[in-house]
Amino acid sequence: MGTGVPASEQTSCAKGDPQASCPENGTEAVQVTDCPIPEDSQPQHEQAYSSPEDSGQLMASYEGKAKGYQVPPFGWRICLAHEFAEKRKPFNANDISLSNLMKHLGMGLRYLQWWYRKTQVEKKKPFIDLINSVPLRQIYGCPLGGIGGGTITRGWRGQFCRWQLNPGMYQHQTVIANQFTVCLRRRGQTVYQQVLSVERPSALRSWNWGLCGYFAFYHALYPRAWTVYQLPGQNVTLTCRQVTPILPHDYQDSSLPVGVFVWDVENEGDEALEVSIMFSMRNGLGGEDDAAGGLWNEPFRLERDGETVQGLLLHHPAPPNPYTMAVAARLSADTTVTHLTAFDPDSAGQQVWQDLLLDGQLDSLAGKSLPSQKGVGIAGAVCVSCKLPPRGRHRLEFSLSWDMPRIMFGAKGQVYYRRYTRFFGPDGDAAPALSHYALSHYADWEEKISAWQSPVLEDRSLPAWYKSALFNELYFLADGGTVWLEVPEDCLPEELAGGMGQLRPLLREYGRFAYLEGQEYRMYNTYDVHFYASFALVMLWPKLELSLQYDMALATLREDLTQRRFLMSGITAPVKRRNVIPHDVGDPDDEPWLRVNAYEIHDTGDWKDLNLKFVLQVYRDYHLTGDQCFLRDMWPVCLAVMESEMKFDKDHDGLIENGGYADQTYDGWVTTGPSAYCGGLWLAAVAVMVQMAALCGAQEARNKFSSILSRGQEAYDRLLWNGRYYNYDCSSQPQSYSIMSDQCAGQWFLRASGLGEGDTEVFPTQQVVRALQTIFEFNVQAFAGGVMGAVNGMQPHGVPDTSSVQSDEVWVGVVYGLAATMIQEGLTWEGFRTAEGCYRTVWERLGLAFQTPEAYCQRRVFRSLAYMRPLSIWAMQLALQQQQQKASGPKSGRGTGPCTRPSHGPEAAAAKPSPEWAA
């Protein structure tokens with residue numbers, strides 16, 4: 001078909017740019033205009049949408065009047081024509097100051113040697129690739145797929161653009177053939193046919209590309225998203241709702257590798273209308289993914305329980321992890337489902353375009369396609385058609401599922417089965433059943449999602465940005481390279497597991513869970529970071545948190561005495577020592593769980609925070625779940641790791657000392673002697689050991705840790721408290737007096753665990769509040785105009801600490817944890833104000849939606865896209881919940897869901913903000 005649209009790489013149309021859709025099926029051509037100049041030049045939105053708090057500049061380009069069908073008022077909303085003005089770059093060596101560059105010169109040279117060996121000799125991907133960072137792409141939207149079965153991210157402009165099917169390994173590429181196309185027919189003639197994409201690619205050039213983005217918008221509230229298309233000149237509005245089964249406290253459907261697209265078509269005209277939606281999908285991703293050939297497609301139909309689903313199976317048998325993808329649609333009495341088994345996605349695409357144009361349906365030939373030839377791509381399409389009366393509405397339903405039941409990681413040494421195979425079988429033939437189940441059950445999923453989210457969304461004391469951030473940041477639990485695997489009986493060593501009575505039954509019942517530190521930092525269950533992110537897991541899927549903790553306990557009791565040369569120091573040491581918490585449980589490009597500590601920069605056996613974070617999380621998890629068996633199982637492990645930690649208290653004053661290098665989660669920020677961060681974690685962990693000893697009836701241990709706590713509190717106060725905040729550390733360097741935003745992390749976890757006040761007070765409340773006020777004054781308000789969150793380190797004269805490559809960064813997950821701490825201590829307004837800066841910066845200014853980075857600086861750069869730590873925003877929700885429980889009286893039980901209505905929301909607190917700190 002001649003569309004009149006030149007092939008180019010443009011991604012948006014110009015305002016007022018008319019585009020013609022001219023059918024060539026022997027009927028009279030009908031001219032339609034995609035981008036007319038609206039009669040009213042002012043954008044018209046619902047009142048809630050036009051609020052700057054809700055959409056701001058992200059919707060400024062929207063010229064349509066359509067509001068969409070049942071699109072909620074809260075979430076992240078953006079016009080498809082929006083362009084982000086600020087284009088940042090990934091952090092690299094050029095962004096390091098000369099002084100810091102000199103400090104890390106040895107590490108840089110060792111890293112280059114290691115990188116060359118890894119990539120050129122071993123032909124593997126580095127666990128952190130500092131040379132080839134993922135470039136900025138301001139395109140991502142809600143991912144499809146439940147937890148642990150792989151994910152496919154669909155961008156906010158509709159592109160299928162980020163893929164994680166092989167476990168933990170990402171491919172960042174847009175597959176141009178994967179599209180939705182609409183065909184409208186009136187009086188038996190096609191009057192409009194348009195790919196619902198603003199792209200103008202060189203492939204499939206016979207298709208009508210270049211949808212006008214000024215008349216469409218995207219709205220995300222994970223795990224759902226809506227895209228609203230107003231078709232100018234057609235009196236038709238399309239609302240596509242994307243649904244994924246992310247269901248708190250559900251351990252079955254939440255594991256399914258499926259997504260559903262529900263299209264509500266509204267005919268706003270006075271003439272009857274035939275509507276077809278075509279969903280085209282390439283088998284594979286193109287390029288090397290298809291190069292070997294042998295891919296093939298076939299139609300299928302599945303009738304079960306009164307529901308019929310039809311579609312295509314796209315078989316991708318390439319080793320080591322073959323899979324089948326299913327594109328399917330629900331067949332009803334008033335819809336027609338047709339298909340095209342195969343077409344060439346790299347051709348002009350005239351065959352499929354003309355097929356649809358002719359009658360709004362596809363040819364639906366029976367039988368399988370021929371296997372694809374080497375180097376030749378293959379795609380297919382499924383189409384659903386219906387008739388709409390004047391002023392009518394109709395619903396068309398598609399599903400996308402993928403069945404990769406049996407996986408191997410990069411070393412190809414052990415076979416695993418994904419969690420969903422427990423319910424759909426391990427044989428690789430489940431794609432039709434998954435499609436049928438998704439299309440039959442998505443309405444139930446949506447009811448559960450609404451019941452979960454509504455108490456937060458309907459709470460008028462909570463700001464709109466927070467409602468968006470709380471749910472949308474959860475994307476990483478599924479899209480963090482996540483795996484959720486079945487645990488074979490023979491993989492749990494009796495000699496290690498024997499002392500933990502619940503380990504075997506819990507792992508067998510709920511499986512094994514792992515997620516990456518970040519999509520660019522490829523290590524599973526990085527524990528110093530999980531410390532922050534774990535709030536989301538324990539509040540929403542507590543059994544997965546306990547499973548992870550049992551796995552970490554098992555790894556702690558193991559050792560790997562293989563010698564490794566560490567990149568930062570050049571020192572050689574064992575990979576893993578016994579009775580020390582590992583940094584991570586391995587690299588998905590190797591053999592996770594069997595070979596832990598993929599991190600090669602520091603010898604983390606000498607880190608000061610990992611053991612402490614295990615103890616604190618164990619007690620926090622016990623407090624929130626009430627699982628006494630878990631606590632008893634973990635008690636011997638906690639004793640072992642605390643015994644290992646004792647050696648860091650070299651002067652026996654009850655307080656550990658840092659080792660004069662970056663020996664904690666801030667792995668580029670040197671810490672010497674007693675420090676606010678590690679010292680605070682130590683005291684909190686010792687206090688928790690006192691509580692656990694009492695619960696486990698270990699009086700001798702209780703007395704021992706009580707004595708240490710008493711001495712440690714005195715030393716911590718004497719050495720670090722300066723009357724306004726806790727000093728960074730006790731070195732003789734100027735940065736010793738830096739104001740660290742994360743200095744109250746120990747108190748944060750105590751409060752989250754029901755401790756830290758009254759009889760269990762460790763840090764004097766007055767000092768904690770004073771420190772938090774100082775952080776707010778300096779790290780938040782005095783940094784970047786107070787609108788970018790809290791900088792990690794601030795010097796007492798109001799200048800960011802540039803003594804390291806991390807001290808002048810903002811770490812989003814740390815900021816959310818800091819905000820939770822503020823809320824816990826009654827500084828609710830300050831907490832929300834602090835966290836808001838990060839959300840606005842990441843999601844609205846920098847265009848990093850659904851790829852929240854670990855860090856960004858005040859200017860120019862970001863670091864490590866799509867990172868685990870920002871899941872700590874759920875600690876804010878826990879703080880609000882606990883605040884409400886305290887206001888309403890004694891707890892009636894341990895809850896892990898979101899609160900219904902905190903007693904002191906930020907709007908109420910804003911009327912009486914805390915007094916400013918005066919020097």
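# Exercises on a predicted model

In H17, the buried residues are Ala745, Gly746, Gln747, Trp748, Phe749, Leu750, Arg751 and Ala752. The model is a predicted one. Work through the tasks with the structure open.

## Exercise 1: a helix and its surroundings

Decide how helix H17 (residues 745-752) sits in the structure, and find what its buried residues pack against.

Solution.
- Step 1. Apply the cut-off: buried means under 20% relative accessible area.
- Step 2. Count. Eight of the eight residues of H17 are buried, so the helix is largely enclosed by the rest of the structure.
- Step 3. List the partners. The buried residues of H17 pack against H11, helix H13 (610-625), H15, H18, H19 and helix H21 (873-888).
- Step 4. Look just past the end of the helix. Gly754 has a positive phi there, about 80 degrees.

## Exercise 2: two packed helices

Describe how helix H18 (residues 765-781) packs with helix H19 (residues 812-824).

Solution.
- Step 1. Choose the quantities. A packed helix pair is described by the angle and the distance between the axes.
- Step 2. Read them off. The axes of H18 and H19 come within 10 Å and cross at roughly 135 degrees. That makes H18 oblique to H19.
- Step 3. Assign the hand. The crossing of H18 with H19 is left-handed.
- Step 4. Name the residues. From H18 come Leu772, Ile775 and Phe776; they meet Leu818, Thr821 and Met822 in H19.
- Step 5. Sort them. This contact holds five nonpolar residues, one polar and no charged.

## Exercise 3: the nonpolar cores

Find the largest nonpolar core, its residues with the most contacts, and the helix that gives the most to it.

Solution.
- Step 1. Recall the trend. In soluble globular proteins, nonpolar side chains tend to be buried together.
- Step 2. Take the largest core. It has 281 residues, and those with the most contacts inside it are Trp76, Trp263, Leu400, Phe614 and Trp874.
- Step 3. Find the main contributor. Helix H15 (residues 676-695) gives the most to this core, with 15 residues.
- Step 4. Look apart from it. Another core has 18 residues, among them Ala203, Met278, Phe343 and Leu356.

## Exercise 4: backbone exceptions

Locate two cis peptide bonds, then examine the positive phi angles of Asn235 and Asn525.

Solution.
- Step 1. Set the expectation. Most peptide bonds are trans, and most residues other than glycine have a negative phi.
- Step 2. Go to Tyr222. Its bond to Pro223 is cis, with omega near 15 degrees. Pro223 is in the loop between strand E8 (216-221) and strand E9 (224-231).
- Step 3. Go to Pro319. A cis bond joins it to Pro320, with omega about 5 degrees. Pro320 is in the loop between strand E14 (307-316) and strand E15 (323-331).
- Step 4. Check Asn235. Phi is near 55 degrees. The residue lies in the loop between E9 and strand E10 (236-243). At 47% relative accessibility, Asn235 is partly exposed.
- Step 5. Check Asn525. Phi is about 55 degrees. The residue lies in the loop between strand E22 (512-514) and helix H11 (527-540). Asn525 is buried, at 1% relative accessible area.

## Exercise 5: one strand residue

Is Thr335 buried or exposed, and which residues is it in contact with, leaving aside its neighbours within four places in sequence?

Solution.
- Step 1. Place it. Thr335 is in strand E16 (residues 335-343).
- Step 2. Read the accessibility. With a relative accessible area of 8%, Thr335 is buried.
- Step 3. List the contacts. Beyond those neighbours, Thr335 is in contact with Arg330, Val384, Ser385, Cys386, His394 and Leu396.

Notes. Residues are numbered from 1 along each chain as its sequence is written. This is a predicted model: local features need pLDDT of at least 70, side-chain atom pairs count only at pLDDT 80 or more; totals for chains, interfaces and linings use all residues. Side-chain values use heavy atoms; hydrogens and water are left out. Axes are lines fitted to C-alpha atoms, for helices over the stretch in contact, and angles run from 0 to 180 degrees between N-to-C directions. Helices (H or I, at least four residues) and strands (E, at least two) are DSSP runs, numbered from the N terminus. Angles under 35 degrees count as roughly parallel, over 145 as roughly antiparallel, 65 to 115 as roughly perpendicular and the rest as oblique. A crossing is left-handed if the near helix is turned anticlockwise from the far one by less than a right angle, and right-handed if clockwise. Contact means heavy atoms within 4.5 Å. Ala, Val, Leu, Ile, Met, Phe, Trp, Tyr, Cys and Pro count as nonpolar, Asp, Glu, Lys and Arg as charged, and the others, Gly among them, as polar. A nonpolar core is a set of buried Ala, Val, Leu, Ile, Met, Phe, Trp, Tyr and Cys residues joined through side-chain atoms within 4.5 Å. Buried means under 20% relative accessible area, exposed over 50%, partly exposed in between (1.4 Å probe, protein chains only).
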